[in-house]
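Visitor: I am new to this structure, and I would like to understand the reasoning behind the words used for it. Could you take me through it step by step?

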Amino acid sequence: AAKLAGPGAVRAFVPDMDAARRARRALEADLRQALGAGQFDVFFQPLVDVRRLAITGFEALLRWRHPARGLVSPAEFIPVAEEIGLIGEIGAWVLAEACRRAAGWPGEQTVAVNLSPAQFGVTDLAAAVDAALAASGLHPHRLELEITESVPLGDDSLAALHALKERGIRIAMDDFGTGYSSLSYLRRFPFDKIKIDQSFVRELASRPDCIKIVRSITALGASLGMTTTAEGVETAEQFAQLQAAGCDQVQGYHFGRPRPGAELVFDLGPDLRPAAAA
Ligand code: C2E
Ligand code: MG
Ligand code: MG
Ligand code: MG
């Protein structure tokens, strides 16, 4: 016992390191077979037009049903898929599945698919998009691609985005305001839409500055010809503030959670429609 403080004490840490490494390797191995095993699914969350108070689109959100761990968050496995070179394959599958579902919707709703910056490097993104559109018959105007600012986009990626825009596909900047390069991004690429990160929405009630920032972003977007969507709207109070601040579109649990593609609802509930909101 007296020796606990000696070098032996350090060794106690080793099994934990091994456990973490083993868990990571197991996750990688599971991820490599997940697509083939049919463990991925795409959920869809409504995007609500503020003026019309109607669902005008859905964001596609990837889900992994792990046989032992249940639903694993994309925030956990997407970074791993990027690192081990699986993101191209998975991303192409999401594109195809999202477009297939959207082509069967009852109206002209848009479908927004998240792109990982790593997808630009590992596959021919335009080819994956074209394949998804061709197989589904979805009109390119109904497809939106969301890109986060977490990783800098190189010139090759910008060229790929331009090629997609030329097809009529819209490009949205996701999680705006969280990265360090938001404004230089807006200058470098003609986005169609800015998605204001949910951290700004979450703090609306507690921090008076937040609404000023939101108002500035919507004004900036409008002056650049971009629409703005606020993410993570959970309450009627937040919605009222965002509406007053000039946001064009809102998304969040207040209007609907992500749901499986076969269980979508295309109309807002009666409590969320214009009459009740007035
Ligand atoms: P994101 O693109 O910013 O998606 C919005 C996230 O916020 C989703 O988390 C959504 O479920 C969640 N969310 C929506 N409304 C609310 C709300 O009112 N409150 C709260 N607290 N959360 C809300 P999710 O589905 O876990 O996805 C997390 C992130 O994983 C996404 O963030 C996106 O960056 C990434 N992701 C999801 N699907 C894909 C995909 O197919 N490909 C890639 N590359 N990334 C994906
Ligand atoms: Mg997104
Ligand atoms: Mg986002
Ligand atoms: Mg996010």
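Guide: Let us begin with two strands of this predicted model: β7 and strand β8 (residues 227-230) pair in the parallel sense over four bridges.

Visitor: What makes β7 and β8 a pair?

Guide: Two strands pair if there are at least two bridges between them, and β7 and β8 have four bridges, so they meet that condition. Among the partners, I194 is matched with T228 in β8.

Visitor: How many bridges join β6 to β7?

Guide: Three bridges join β6 to β7, and these strands run parallel; F176, for its part, has I196 as its bridge partner in β7. From strand β7 (residues 193-196), K193 and K195 point one way while I194 and I196 point the other way, and all are buried.

Visitor: Why are E59, N114, E146 and D174 called donors of the magnesium ion (ligand 2)?

Guide: A donor here is an N, O or S atom within 2.8 Å of the metal; the atoms of E59 (OE), N114 (OD1), E146 (OE) and D174 (OD) lie 2.0 to 2.2 Å from the magnesium ion (ligand 2), so they count as donors. E59 lies in strand β2 (residues 54-66) and D174 in strand β6 (residues 170-176), so this pair ties together parts that are 115 residues apart in sequence.

Visitor: Are E59 and D174 buried or exposed?

Guide: E59 is buried, and D174 is buried too, which means that each has under 20% relative accessible area.

Visitor: Which residue coordinates both magnesium ions, ligand 2 and ligand 3?

Guide: D174 coordinates both, and the two ions are 4.0 Å apart.

Note on methods: Residues are numbered from 1 along each chain as its sequence is written. Chains are lettered from A and ligands numbered from 1 in the order in which they are written. This is a predicted model: local features need pLDDT of at least 70, side-chain atom pairs count only at pLDDT 80 or more; totals for chains, interfaces and linings use all residues. Side-chain values use heavy atoms; hydrogens and water are left out. Donors are N, O and S atoms within 2.8 Å of the metal (3.2 Å for Na, K and Ca); water is not among the atoms, so sites may look incomplete. Helices (H or I, at least four residues) and strands (E, at least two) are DSSP runs, numbered from the N terminus. Buried means under 20% relative accessible area, exposed over 50%, partly exposed in between (1.4 Å probe, protein chains only).
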